[in-house]
Amino acid sequence: MASLVAIAVTGAAAVQAQSLQDRPSQPPAPTTASETAPEDEVTFSAAQLDYDDNADVVTATGDVRMFRNGARLRANKVTWNRQSGEVRASGNVAVVNANGDKAYGDDITLTDELHDGVADNMLLVLANGGRLAALHGERKGEITTLSHAAYTPCRVETDSGCPKRPSWQITAVQVVVNEGTHRISYKDARLTVFGATILALPAFSHPDGSDTGNSGLLLPNFQINKSNGVEIDLPYYLQIGRNRDLTITPHFYTAVLPGLEAQYRALTGNGAYQVSGMVTYSSRLPATTDQTAAPAQGNDSIRGYLDANGSWQLDPVWTIHGAIRLTTDRTFMKRYYISNDDRLRSTVKAERIDPDSYLSIAGWFVQDLRPGYVEGQQPIALPAIDYRRRFADPWLGGVFTAQVNSLALTRTDGQDTQRAFAGLRWDLRTLTGFGQEVIFTAYGRADLYHTNNSAATKTDLYRGVDGWHGRGIAALAADMRWPFVGELFGGVQQIVPRVQLVAEPKIKNIDFPDEDSRAVDLEDSNLFALNRFSGYDRWEDSSRVTYGAEWNYNRPRLDVRAIIGQSYRLSSEPTILPPGTGLSDRFSDYVGRVSVRYGSFIEITERFRLDKDNLAVRRNEVDATVGSRNTYAEIGYLKLHRQIDTAIEDLRDMSEIRLGARVQIARYWSIFGSTVVDLTTHKEDPLSLSNGYQPVRHRLGLLYENECMSLGVTWRKDYDESGDARRGSTFSLRLALKNLGR
């Protein structure tokens, strides 16, 4: 009986802790006779059965078991008045309803349907794991009223079966359980955590923990920081329907005016979407990183942000995606600790995907939040169309891939570009008699570009020439891999030499703007690519040979993968690839990757690029995770020392380290922390504000987490300061209770 919701009672009701434990007598298991009996038929079993003909009363004693309509009862004694329909059970009473909710008591009076009734010294254990205990309980229809009761979803026994105090519970003079609304309501209640009362609740309600969900207040969030003072958030969750909900969160601050946040979510018949945002009224300072300048005068205004996204599957092949991210100013997101993103991207895209073709029609724009950057330099892309179709080669057995692409970029204060191209690629994979895998590739493309206002682009390398321009692109390639496999130290190793030959004529590049191929760099992922530029606007216009080798080793719990390679340009003519990318000379730098995984305890990946002349490290990227699920350390390190021209903003050199760790110090207690430090020196990037060591962000916290609650205290310090988003420490208190939210 769902009315019998789980309770743990202590405090005013003086219910003993042991009453929260499962009673020795459990409800009977269903029998074949009870499951096949007619709906209204009552079946009995007992050691002794007496029947009073005059009073029409049946008395059963000795391990009595009673079944009706999926409900089951067990007791030492049961008296059933067939005229009134009253069933009175006494002595180790245990009842379970068709939903799996259990009730225990010393003395329970029920209807003969085993539904409504009254009980003393009652323990209720819900199917969802919650517990209710009360001195007295009464159920009528969908409403159960409990006197001097307590509720908890926490464990009340140790692993060895000994009694334990629940981590948290709510005690109340009166508790009402409504099965229709799936809510539990309290009168004169107290919230107790670890035995200490932390909150008095004259009137309070929350969902009963069923999957239906429900509306109500969620637990408040507490935070202290330099920019806003003490912050208290009071979220309210409103379930509008089974597929829609709304969370409204007022934010109260001691240093600034309050703010209001809301999030609406919906699940439709063919997709899902969410809309969230926040609004407040406060003083706004210009976004700047110059801390030596005189303090600016703030302007009071309405400030906020909007974040919405969704996806809809219109039919088996068509999908619509959309996202909007906007804010009123450059510092709001950081000032109110919503996001550290320095650019907000809004997109819309329609996709059609079937086994042989792909079509994307998209558009996007970006809001730039970086101090000092001109907003009008960010492009608006509309439309961006890409269509690809794959079909079989009827002559040689290869595969053709046709592609048509167009893009229009518009800037309010900068260069405008329109592009369209059509291309055809042919691939043929074959195996030789010696076991070599050879892939032949032929590629051709025709481009048409239009550019205006190119002088507004600051970086010369990215500019095009105003007006209409066309070009043709062609390439032939042969890529050979020759795997050798054998045993080694109880495992299997694979050595794979690889050679690729690419033939390309000289191609026009400088007359065309570079919008999508700026961050070019030689790395293991593009070593054997047909075009090592990342986009379409630039094409690597020189014939070359690329050579390298892979080594893979696998044995139980251990997996090692490595690759290294280099390329040689066959032409001595100058290349468009800038110095520092590892590709500007005839011999490229050495590039590679090493990955080691040992069970689920160690996972390390290192990517590197070594100077071809002196083996100096030009790129070193390490990502490592060591530890178990509960205790682990994460390390991320990136060093780019490519000696790139500082005029090329997308290829700046830098160094950074990221550290994170979690240590479980007890069964439920853990310490966690993370840090990001900028290690860039002036030698690596003369424009960098760091000089070898500049903290970006620190975080340290203490967390208690068990099966029914999570309690954490976190300290965070931000060093990035911009306008009214001030650097400083933030202290947060996070409390999440099962069935009560967070």
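This passage describes surface, interior and backbone features of a predicted model.

On the surface of the model, a nonpolar patch is formed by Phe 222, Ile 224, Val 230, Ile 232, Leu 234, Phe 252, Val 713, Phe 731 and Leu 733, which together have about 720 Å² of accessible area. Two or more residues of this patch come from each of strand 14 (221–225), strand 15 (229–233) and strand 41 (728–737). Leu 733, one of the patch residues, is placed in strand 41 and has a relative accessible area of 34%, so that Leu 733 is classed as partly exposed.

The segment after strand 41 contains Leu 740, which at 4% relative accessibility counts as buried, because residues under 20% are placed in that class. When residues up to four places away in sequence are not counted, Leu 740 touches Trp 168, Ile 170, Phe 204, His 206, Leu 217, Leu 218 and Leu 219. One of these contacts, Leu 217, is 523 residues apart from Leu 740 along the chain, while the C-alpha atoms of the two residues are separated by 8.0 Å.

Turning to the interior, the structure holds 4 cavities of 30 Å³ or more. The second largest cavity encloses about 70 Å³ of space, and its lining consists of Leu 461, Tyr 462, Asp 514, Ser 517, Arg 518, Val 520, Phe 533, Arg 538, Ile 576, Pro 578, Ile 648 and Leu 651.

Salt bridges form a further group of features, and the structure holds 51 of them. In one of these, the side chains of Arg 65 and Asp 63 meet at 3.4 Å, N to O; Arg 65 is partly exposed, with a relative accessible area of 28%, and Asp 63, at 40% relative accessibility, also counts as partly exposed. A salt bridge of 3.4 Å, N to O, is likewise found between the side chains of Arg 88 and Asp 107. Because Arg 88 lies in strand 5 (residues 86–96) and Asp 107 in strand 6 (residues 102–111), this pair ties together parts that are 19 residues apart in sequence. The two partners fall into separate classes of accessibility, since Arg 88 counts as partly exposed at 45%, whereas Asp 107 is buried, with a relative accessible area of 19%.

The side chains of Lys 506 and Asp 541 meet in another salt bridge, again at 3.4 Å, N to O. Both Lys 506 and Asp 541 belong to the loop between strand 30 and strand 31, and the pair therefore ties together parts that are 35 residues apart in sequence. Asp 541 is buried, with a relative accessible area of 7%. Beyond such pairs, salt bridges that share partners join Asp 521, Glu 523, Asp 589, Arg 609, Arg 619, Glu 621, Arg 642 and Asp 653 into one network.

The loop between strand 30 (491–503) and strand 31 (544–555) also includes Ser 542, which is buried, with a relative accessible area of 5%. Apart from residues up to four places away in sequence, Ser 542 touches Glu 504 and Arg 569. Arg 593, by contrast, lies in strand 33 (residues 590–598) and counts as partly exposed at 22% relative accessibility. Leaving aside neighbours within four places in sequence, Arg 593 is in contact with Asp 524, Arg 561, Ala 562, Ile 563, Thr 605, Glu 606, Arg 607 and Phe 608. Arg 593 and Gly 565 are 28 residues apart in sequence, and their C-alpha atoms are 9.7 Å apart in space.

Several features of the backbone may also be noted. The peptide bond from Leu 382 to Pro 383 is cis, with omega near -5 degrees, and Pro 383 is placed in strand 24 (residues 380–392). Phe 194, although not a glycine, has a positive phi of about 55 degrees; Phe 194 is located in the loop between strand 11 (183–193) and strand 12 (196–207) and counts as partly exposed at 33% relative accessibility. A positive phi, near 60 degrees, is also found for Gln 643, a residue other than glycine. Gln 643 lies in the loop between strand 36 (632–640) and strand 37 (654–664) and is exposed, with a relative accessible area of 53%.

Note on methods. Residues are numbered from 1 along each chain as its sequence is written. This is a predicted model: local features need pLDDT of at least 70, side-chain atom pairs count only at pLDDT 80 or more; totals for chains, interfaces and linings use all residues. Side-chain values use heavy atoms; hydrogens and water are left out. Patches are made of residues with over 30% relative accessible area and no salt bridge: like charges are joined within 9 Å, nonpolar side chains (Val, Leu, Ile, Met, Phe, Trp, Tyr) within 5 Å. Accessible areas come from the Shrake-Rupley method with a 1.4 Å probe; for residues, only the protein chains shown count as cover. A salt bridge is a side-chain nitrogen of Lys or Arg within 4 Å of a carboxyl oxygen of Asp or Glu. Helices (H or I, at least four residues) and strands (E, at least two) are DSSP runs, numbered from the N terminus. Buried means under 20% relative accessible area, exposed over 50%, partly exposed in between (1.4 Å probe, protein chains only). Contact means heavy atoms within 4.5 Å. On a 1 Å grid over the protein atoms alone, a cavity is a set of points where a 1.4 Å probe fits but cannot get out, and a pocket is an open set with protein on both sides within 12 Å along at least five of seven lines; lining residues have an atom within 4 Å of a point. Grid points are joined across faces, edges and corners, and a volume is the space filled by probe spheres set on the points.
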